[in-house]
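Hello,

Here is the structure I promised to pass on to you. Have a look at it first, and then read my notes below with the view open beside them.

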Amino acid sequence: MADREKADGSAAWAADKESDGSTRGDACPLARMTDWARLWISGVLQPGDMAVDLTAGNGHDTAFLCRMVGAPGRVVAFDIQHQALQRTAERLQEQGTSVTWTASEGPPAAAPGALLVAACHSRLERYVEGPLRAVMANLGYCPGGDHALVTRTDTTCAALRAALERLLPGGRITVVLYPGHAGGAGESAAVRKLFSSLPPGEWQVMELAAVNRRAAPHLLLAARKA
Ligand SMILES: C[S@@+](CC[C@H](N)C(=O)[O-])C[C@H]1O[C@@H](n2cnc3c(N)ncnc32)[C@H](O)[C@@H]1O
């Protein structure tokens, strides 16, 4: 991998993006930020809970959330890319999760299973009242999808603010950031600023990063104190 890497690590990290938006390059368990994100979420998510995936992509995180909340739980997953939601639906159906689609704004999902929302995640409040036990966001573009449909600073921050408001005490949120692609550094900085501003009396906020790879993905983890 090193021979394909630019000085800032960007080329390799972009080229090595897996279908769940994570990166490979190390066989070590928990080497991927997406693995750490799921580990953090799995510490609190219970059967019957409600969770949100702000970026459905290829459906790996949505499928994980659905397995964690089980048959009585609910997961709302957003994406602006039809192909991504289609892949997510297929993945969910393979694991036996019941799937509903919507593109129209309306009352929050009442039925158990997954609600796939074909809309920008910044419109979260139109689809989700909460309260939420867990929220995941894996930013950037969808590997194998349209790279032009990439997350953007303003809508990402709007979605995260709405998600943070709806998180239950004890609830957790993860954001995987990709500073290596065009626009990614600005988006990462804005999200980091947002999370840095959360009051420490109410929030525990941590960051996980490969400190020797400036443009590698990094992970923000936050928990609302119980
Ligand atoms: C890195 S992928 C997500 C990977 C996914 N979590 C998984 O487990 O496979 C990022 C996704 O965000 C989607 N996206 C970009 N902008 C968005 C927006 N404003 N609202 C919702 N989804 C968006 C892209 O279409 C893409 O599918």
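Before we start, one term: a residue is called buried if 20 or more other C-beta atoms lie within 10 Å of its own. Please also keep in mind that this is a predicted model.

With that term in hand, try strand β4, which covers residues 113–117. Four of its five residues are buried, so β4 is largely enclosed by the rest of the structure. You can find its partners in the view too. Strand β2 (residues 74–78) runs parallel to β4 and is joined to it by five bridges; here Ala77 stands opposite Leu116. Strand β3 (residues 99–102) is also parallel to β4, with four bridges between them, and Thr100 has Leu115 as its bridge partner.

Now for the wider view. The protein has seven helices and eight strands, and 45% of its 226 residues are buried. Among contacts with a separation of 6 or more, 67% are between residues 24 or more positions apart.

Next, move to the end of the list of strands. How many of the seven residues of β8 are buried? Six of them are, so β8 is largely enclosed by the rest of the structure. Strand β6 (residues 167–177) runs antiparallel to β8, and six bridges join the two. Strand β7 is antiparallel to β8 as well, again with six bridges. A good residue to click on is Ala222 in β8: Ile173 stands opposite Ala222, and Ala222 is also the bridge partner of Val205.

Just before β8 comes a residue that is worth a stop. Pro217 sits in the loop between β7 (203–208) and β8 (218–224). Is Pro217 buried or exposed? It counts as buried, because it has 27 C-beta neighbours inside 10 Å. Try drawing a distance from Pro217 to Met33: they are 184 residues apart along the chain, yet their C-alpha atoms are separated by 7.2 Å.

Then please turn to helix α6 (residues 153–166). Its 14 residues reach 20 Å from the first C-alpha to the last, close to the 20 Å expected at 1.5 Å a residue. The buried residues of α6 are Thr156, Ala159, Leu160, Ala162 and Ala163. Seen down the helix axis, these buried residues fall within an arc of 165°, so they line one face of α6. It may help to recall that an α-helix has 3.6 residues a turn, so residues three or four places apart point the same way. The face turned away from the buried side of α6 carries the exposed residues Asp154 and Glu165. On the buried side, α6 packs against β1 (50–53), α5 (124–127), β5 (132–138), β6 and α7 (184–196).

Last, the core. The largest nonpolar core holds 55 residues, and those that touch the most other members are Ala51, Leu65, Val135, Ala163 and Val175. Helix α3 (residues 60–69) gives the largest share of this core, with six residues. Which residues is Val175 in contact with, once its neighbours within four places in sequence are left aside? They are Ala137, Leu139, Leu160, Val191 and Leu220. In soluble globular proteins, nonpolar side chains tend to be buried together.

Enjoy exploring, and write back with any questions.

Best wishes

Technical notes: Residues numbered from 1 in each chain as written. Predicted model: local features only at pLDDT ≥ 70, side-chain atom pairs only at ≥ 80, totals over all residues. Core = buried A, V, L, I, M, F, W, Y, C linked by C-beta atoms within 7 Å. Buried ≥ 20, exposed ≤ 12 C-beta atoms within 10 Å, placed from the backbone. Contact = placed C-beta atoms within 7 Å. Pairing = 2+ DSSP bridges. Expected span 1.5 Å × (residues − 1). Arc of directions from axis to C-beta.
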